[in-house]
Amino acid sequence: MKILIKNGRVIDPASNTDQIADILVDGGLIAGVGGDLASHKDIDKEVDATGMWVVPGLIDMHVHFRQPGQEHKEDLASGAASAVAGGFTTVCTMPNTSPPIDNAEWIKFTHDKSAEIGLANILPIGAITKGMKGEELTDIAEMHKAGAIGITEDGMTVRNAHLQLKAMEIASKLDLLTFSHCEDMDLVSGGVMHLGTASEWLGLPGIHALAEEVVIARDILIAEHAGAKLHICHITTKLGVQLVREAKARGVRVTAEVCPHHFTLTDEDIKTQDPNFKMNPPLRSLEDLEAMKAGLADGTIDVIATDHAPHHADEKAKGFLTAPFGIVGLETALGLSMRLTNLTPMELIAKLAYNPAKILGIDKGTLAEGAVADIAIINPDAEWTVDPSGFASKARNTPFGGETIKGRVEYTIVSGKIVYQH
């Protein structure tokens, strides 16, 4: 199928391109980028992108699609539909399912199911320990061979530092990325939101920032010793950003991501015990939020990722103390990220597409001629109201319901096929 995207603002951090141009898609690949390409014959579909951004398909390094075992929350098909509605053409799925993705068979299942669904590219991450019990390492090499894009114990932390070291040593030999969920459960000690004046006012047990920071420090030191590639998931604290900044300065192979809710909301935005504001890590202080923005601007934080964490409405209705942690994020991420006034459009798309591709080591995140045609077309001026009932995701758990967001995905193209149109 030939698609001609006309007159769009082409923003491609891979080539530092920011210009009005046409893009020709042919046979699933980008066949041309440049001036007037309308003279090409046999065009099947023309898209007038005047006033719109044409960017590489967005890449989310951190989603939870719940399959197998928790399909009442989300499954690979509904998760992929949610992804392309948000402009994401590639996503990395976390392994804390039921059972966990802890072997090559489940890795292969995810790849096969992704191909069958035919929407976003779904890249599975394998668990570090069998059953995610923190006791015995999985067969990391076999999962890698089956197509695991990385390893993690997301949803929890590998408490045993010796096991974490062994895992990173194996991953280093395979040049495989280790994703780190940084949370010392002993320091969490039953907390449900950030420890601060807001938790005191609401009468809810707090989670000290130290619970995140001590594991960031530990895993950076382990990665430094092992020579491993380490990716810090959903960073939220000022000191955590500084730890990453210092590690990068001395040559540690560490990258970091931040979620839109952590540079948009603080703990003081939690006015009532609404479980849609309950997430892990929790919303932090204004000082921490400003540190997230600064870290994005100076390059310490490489990636914006959603930590898309769907839950059934009945589960979230249990109340703040007992409801599960997590919010959905794929369909609101772009608009929330466009509120970052300290990033240029080029820098923003780098955080959402180019940098994730580089970190993952995949041939994505570019609009270069000959590249796979994974493309998002964005109307930067379109305003819309967040209506969770209209999400493609099965879940509705978001604190942003009713908010007006500026910036809307008009088309998502995966491998040259239009898979979403507003």
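How many of the eleven residues of strand β18 are buried? Select residues 404-414: eight of the eleven are buried, so strand β18 is largely enclosed by the rest of the structure. Buried means under 20% relative accessible area, exposed means over 50%, and partly exposed lies in between (1.4 Å probe, protein chains only). Strands (E, at least two residues) and helices (H or I, at least four residues) are DSSP runs, numbered from the N terminus.

This is a predicted model, in which local features need pLDDT of at least 70 and side-chain atom pairs count only at pLDDT 80 or more, while totals for chains, interfaces and linings use all residues. Residues are numbered from 1 along each chain as its sequence is written, and side-chain values use heavy atoms, with hydrogens and water left out.

**Stop 1: the strands around β18**

Keep β18 selected and add residues 375-385, which are strand β17. The two strands run antiparallel and are joined by eight bridges; strands count as paired if DSSP finds at least two bridges between them. To find the register, pick W384, whose bridge partner in β18 is I405.

Next add residues 417-421, strand β19, which pairs with β18 in the antiparallel sense over four bridges. Here Y411 stands opposite Q421 of β19. The hairpin of β18 and β19 has two residues between the strands, and S415 takes a positive phi near 50° there.

**Stop 2: a parallel sheet**

Select β6, β7 and β8. These three strands form an open sheet in the order β6-β7-β8, with parallel pairing. β6 (58-63) and β8 (121-124) stand at the edges with a single partner strand each, so one side of each has no neighbour in the sheet. On average, neighbouring strands of this sheet are turned by 20° against each other, direction ignored.

Strand β7 covers residues 88-93 and pairs with β8 over four bridges in the parallel sense. One residue to label is V91, whose bridge partner in β8 is I122.

Now show the helices over this sheet. Helix α2 (residues 104-117) lies across β7 and β8 and runs at about 175° to β8. Helix α12 (residues 345-360) lies across β6 and β7, at about 60° to β6. Axes are lines fitted to C-alpha atoms, for helices over the stretch in contact, and angles run from 0 to 180 degrees between N-to-C directions.

**Stop 3: L343**

Move to L343, in the loop between α11 (333-337) and α12. L343 counts as buried because its relative accessibility is 9%. Apart from neighbours within four places in sequence, L343 is in contact (heavy atoms within 4.5 Å) with L296, A297, L348 and K351. For scale, a distance from L343 to I122, C-alpha to C-alpha, gives 28 Å, and the two residues are 221 apart along the chain.

**Stop 4: E153**

Select E153, in the loop between β10 (150-152) and α4 (161-174). Which side chain of opposite charge is nearest to E153? R218 is, at 9.9 Å; E153 is buried yet has no salt bridge. Lys and Arg count as positive and Asp and Glu as negative, with His and the chain ends not counted. A salt bridge is a side-chain nitrogen of Lys or Arg within 4 Å of a carboxyl oxygen of Asp or Glu.

The backbone nitrogen of I128 lies 2.9 Å from a polar atom of the E153 side chain. Leaving aside neighbours within four places in sequence, the contacts of E153 include A127, T129, M132, K133, F179 and H181.

**Stop 5: salt bridges**

The structure holds 20 salt bridges. Begin with E46 and K6, whose side chains meet at 3.5 Å, N to O. This pair links distant parts of the chain: E46 is in strand β4 (residues 45-48) and K6 in strand β1 (residues 2-12), 40 residues apart. E46 is partly exposed at 45% relative accessibility, and K6 is partly exposed at 23%.

Then select R9 and D18, which form a salt bridge with the closest N and O atoms 2.9 Å apart. R9 is partly exposed at 28% relative accessibility, as is D18 at 36%.

Finish with D75 and K394, which meet in a salt bridge at 3.0 Å, N to O. D75 lies in the loop between β6 and α1 (76-85) and K394 in the loop between β17 and β18, so the pair ties together parts 319 residues apart in sequence. D75 is buried, with a relative accessible area of 16%, whereas K394 is partly exposed at 39%. One further selection is D175, K229 and R253, joined into one network by salt bridges that share partners.

Definitions and conventions: Polar contact = N/O pair within 3.5 Å; in protein donor to acceptor, adjacent residues only side chain to side chain.
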